[in-house]
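Student: I would like to test some labels against their definitions. Can we go through them one at a time?

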Amino acid sequence: MPAHPIRPDRTGSASNAGVDVLTFKPSLVRTVVREVTPLHLSRSAARAASAVTETVLTGIIDGALQGAREVGRKKLLPEDLVTAIGRDVELEVGGRWYEHSPTFKGLTGVVYDAAGIAVPAPKRSRSRKASAVLGAHRFEAGVRKLLRDRVTAAVPAMVRDLDGLASVFLTDLARDAAMVVREGGIKRFGTVTVVTPGDPVDAPAPLPESVLALSTRSGDRRTIGRDDVLAATTIQLFGEVRGRALAAAREATEGGKGG
């Protein structure tokens, strides 16, 4: 009787097998990018975008978890999300989600037009056209994995908000990466200065050379590369979370050069 072939052990972790598993799969990243631009997305760019999104969501979850623990609660509620963003402005991403989430209703303030007339909140669209809001559910598996990694859980409303923030953030990141390709680089970087009224405004800290190097690009105009995603990250994020996101993206692509 012929001997059965030895099958590889499937019980070990992905890292033990030499393959790192991204929380948000590159296939999901590619789907989001296809919804906003016809440009091709390189493999390393997909991995970089996944790593950046994971870093941002992890920061939000950690901030929410801190707020929950302060009141002796383990499960995350939407109010913990508001607390996390309120304490750390660097985590305020995916702003378009605020218009669709009951959690943020009333927190975004009243918008006035040039004539000083209040602009009504946008109505929820019934269109089935692909969008960051309609596609938010695609991020649920990744969000739940991040929650498990932090040994916590969240009520369904909180999970939906995290899904939506991830979806809108990645969509915005994809749009900015496509803009970088079209314009051949970037001319602006995400930054916020918090000051007290009446106090002098300090000059912003100089940007690191590694960030300034992303202001120009090389390569064809048909493909979003890793460095285009890094450049888009500097537009979307600022402060410490930007530094963590850039480091995570570079680590995820193992020093790949733009492709």
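**Cavity and salt bridges**

Tutor: Yes. Keep in mind that this is a predicted model. Start with the cavity: helix H1 (26-36) and helix H5 (156-183) each supply at least two residues of the lining of the largest cavity.

Student: What makes the largest cavity count under the rule of 30 Å³ or more?

Tutor: Its volume is about 50 Å³. The cut-off is 30 Å³ or more, and the count comes to 1 cavity.

Student: Which helix gives the most to the lining?

Tutor: H5 does, with 4 residues. The lining as a whole consists of Val29, Val33, Leu41, Ala49, Leu170, Leu173, Ala174, Ala177, Ile224 and Val229.

Student: How do you know how the lining divides into nonpolar, polar and charged?

Tutor: Check the residue types. Ala, Val, Leu and Ile count as nonpolar. The lining has 10 nonpolar residues, no polar and no charged.

Student: Now the salt bridges. Why is the contact of Arg73 with Asp80 called one?

Tutor: The limit is 4 Å between a side-chain nitrogen of Lys or Arg and a carboxyl oxygen of Asp or Glu. In the pair Arg73 and Asp80, the closest N and O atoms are 2.5 Å apart. The pair therefore qualifies.

Student: Why is Asp80 called buried?

Tutor: Its relative accessibility is 2%. Buried means under 20%, so the label holds.

Student: What is the N to O value for Asp172 and Arg96?

Tutor: It is 2.7 Å, and their side chains meet in a salt bridge. Asp172 lies in helix H5, while Arg96 is in the loop between helix H3 (78-87) and strand E3 (111-112), so the pair ties together parts that are 76 residues apart in sequence.

Student: Are Asp172 and Arg96 buried, partly exposed or exposed?

Tutor: Asp172 has 16% relative accessibility, so it counts as buried. Arg96 has 33%, so it is partly exposed. The cut-offs are 20% and 50%.

Student: What about Arg244 and Glu240, with 4.0 Å from N to O?

Tutor: Their side chains meet in a salt bridge. They are 4 residues apart in helix H8 (residues 239-252), so about one helical turn separates them.

Student: What makes Glu240 exposed, and Arg244 partly exposed?

Tutor: Glu240 has a relative accessible area of 59%. Exposed means over 50%, so Glu240 passes. Arg244, at 40%, falls between the two cut-offs and is therefore partly exposed.

Student: Which residues are joined into one network by salt bridges that share partners?

Tutor: Arg73, Glu79 and Asp80. The whole structure has 11 salt bridges.

Technical notes:
Residues are numbered from 1 along each chain as its sequence is written. This is a predicted model: local features need pLDDT of at least 70, side-chain atom pairs count only at pLDDT 80 or more; totals for chains, interfaces and linings use all residues. Side-chain values use heavy atoms; hydrogens and water are left out. On a 1 Å grid over the protein atoms alone, a cavity is a set of points where a 1.4 Å probe fits but cannot get out, and a pocket is an open set with protein on both sides within 12 Å along at least five of seven lines; lining residues have an atom within 4 Å of a point. Grid points are joined across faces, edges and corners, and a volume is the space filled by probe spheres set on the points. Buried means under 20% relative accessible area, exposed over 50%, partly exposed in between (1.4 Å probe, protein chains only).
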